[in-house]
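Student: Please take a close look at the ligand site for me, and then relate it to the strands and loops elsewhere in the chain. I should like each term explained where it is used.

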Amino acid sequence: MSRRATISGTGSALPARRVTNDELAQTVDTSDEWIVERTGIRARYIAGEGETTGTLAAEAARKALDAAGIAATDVGLIIVATATPDQTFPATATRVQASLGIDDCIAFDVAAVCSGFLYALSVADSMIRAGGIDIAVVIGSETFSRILDWEDRATCVLFGDGAGAVVLKAEEGERGILSTALHADGRHNQLLYVDGGPSTTGTVGKVRMRGSEVFRHAVVNLAAVLGEALDKAGLTPADVDWVVPHQANRRILDATARKLGLSPDRMIVTVDQHANTSAASVPLALDVAVRDGRIQRGDLIVFEAMGGGFTWGAAVARY
Ligand code: COA
């Protein structure tokens, strides 16, 4: 028997305000038809006053702990994956920790943009398997609406805000995270980035993207890393019950599924309702599918994501 990190609870949180494509088209030169056809997105949630990456993360974490039946005080590790922290420092994870009423645990943020949750999950998995941590909360949380250029129709229609969380628990057995695979290639920095930061411009900056080039890299990298993670676990696409992919664009999901020979109805799709919530998108989609009963205990799930950097990754888990 091996010591593994099992997913014992999931949770998510969305801002109160839902914004449809039609509503967006009142202020941006776009249309519902264009957005649906090119991306599959129909609506997104936008954070309002008092809603931050930290507050959404804490709400998602609280729900995940409730679902797991685990007390916050038993948590030994909190990782928040985010590209939109509440402040440059301290880490948003420490705000979540305080909000959960935990006096002492390890808490830090991971910055790998849309792949952030996969990176954070992999770090937590390693720390659990190494033996030092028994319970971890891994959260993806973002308020991308605050770093969007609302005059750039090619980017502002694509993103939304939200958070998703999983509680990982050290257990002996067949369930849990079976493999992870992570990559980065900094040569592509300029295809998807934020044009500011504390050490360069001294400002927060806005999202910039060369969409069609990102699209091409995404399909190739995602199919490859999914195959790699399955290989590491000694499994094939035929063993997969559910793919929980990063929700960037419906066309990327369909093309990746085709490349791997996976049926599109094995894909959990929430991009239509949430748009791209960056690091939050995988755990948010996971929580939706767990709560609506599609994902059942014992199912084989694969996660995948790719984002700015580029960074990309995948993980295989027996739920
Ligand atoms: N509404 C209407 N028209 C728009 C638009 C919008 N919101 N955004 C762009 N357009 C226009 C462009 O101006 C362009 O017009 P032109 O031909 O007159 O210059 C036209 O639509 C085509 O633009 P293009 O960027 O080539 O479209 P596309 O088919 O590549 O689709 C994306 C654009 C962004 C949807 C697509 O490239 C994509 O999804 N890329 C991946 C993005 C992604 O997933 N990023 C995150 C990864 S983590």
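Tutor: The account below begins with the ligand and then moves to strands, loops and single residues.

This is a predicted model, in which local features need pLDDT of at least 70 and side-chain atom pairs count only at pLDDT 80 or more, while totals for chains, interfaces and linings use all residues. Residues are numbered from 1 along each chain as its sequence is written, and side-chain values use heavy atoms, with hydrogens and water left out.

There are 22 residues around the ligand, and Thr30, Arg38, Arg153, Gly211 and Asn249 come nearest. A residue is counted here if one of its heavy atoms lies within 4 Å of the molecule. Domain 1 (3-174) and domain 2 (177-318) both give residues to this shell, so the ligand lies between them; the domain bounds come from an automatic or database domain assignment. By class, the shell holds eleven nonpolar, eight polar and three charged residues. In this scheme Ala, Val, Leu, Ile, Met, Phe, Trp, Tyr, Cys and Pro count as nonpolar, Asp, Glu, Lys and Arg as charged, and the others, Gly among them, as polar.

Several polar contacts can be named, a polar contact being a pair of N or O atoms within 3.5 Å; within protein, one atom must be able to donate a hydrogen and the other to accept it, and residues adjacent in sequence count only if both atoms are side-chain atoms. An oxygen atom of the ligand is 2.5 Å from an N or O atom in the side chain of Asn249. The backbone takes part as well: a polar backbone atom of Arg153 lies 2.9 Å from a nitrogen atom of the ligand, and a polar backbone atom of Ser212 lies 3.4 Å from a ligand oxygen atom. Taken alone, the ligand exposes 960 Å², of which the protein buries 71%. Such areas come from the Shrake-Rupley method with a 1.4 Å probe; for residues, only the protein chains shown count as cover.

Two or more residues of the shell come from each of α2 (32-39), α6 (153-156), α7 (211-232) and β12 (300-307). The greatest share belongs to α7, with four residues. Helices (H or I, at least four residues) and strands (E, at least two) are DSSP runs, numbered from the N terminus.

The strand β12 leads from the ligand to its neighbour β11 (residues 242-245). The two run parallel and are joined by four bridges, and Trp242 stands opposite Ile301 in β12. Two strands pair if DSSP finds at least two bridges between them. Both faces of β11 are covered, with Trp242 and Val244 on one side, Val243 and Pro245 on the other, and all four buried. Buried means under 20% relative accessible area, exposed over 50%, and partly exposed in between (1.4 Å probe, protein chains only). In a regular strand the side chains alternate between the two faces of the sheet.

A second pair is formed by β2 (residues 17-20) and β3, which are antiparallel over four bridges. Thr20 stands opposite Ala43 in β3. From β3 (residues 43-46), Ala43 and Tyr45 point one way and Arg44 and Ile46 the other, and all are buried.

After β12, the chain enters a loop that ends at β13 (311-318), and Gly309 is placed there. Gly309 is buried, because its relative accessible area is 18%. Its C-alpha lies 9.8 Å from that of His183, although the two are 126 residues apart in sequence. The peptide bond from Gly309 to Phe310 is cis, with omega near -10°, and Phe310 lies in that loop too. Another cis bond runs from Phe89 to Pro90, with omega near 0°; Pro90 is in the loop between β4 (77-81) and α4 (92-99).

Two other loops hold non-glycine residues with positive phi. In Val113 phi is near 50°, and this residue lies between β5 (106-110) and α5 (116-130). Val113 counts as partly exposed because its relative accessibility is 24%. Ala275 has phi near 60° and is placed between α9 (271-274) and α10 (281-291). At 0% relative accessibility, Ala275 counts as buried.

Two strand residues complete the account. Glu172 in β7 (residues 161-172) counts as exposed at 53% relative accessibility, whereas Ser141 in β6 (residues 135-143) is buried at 0%.
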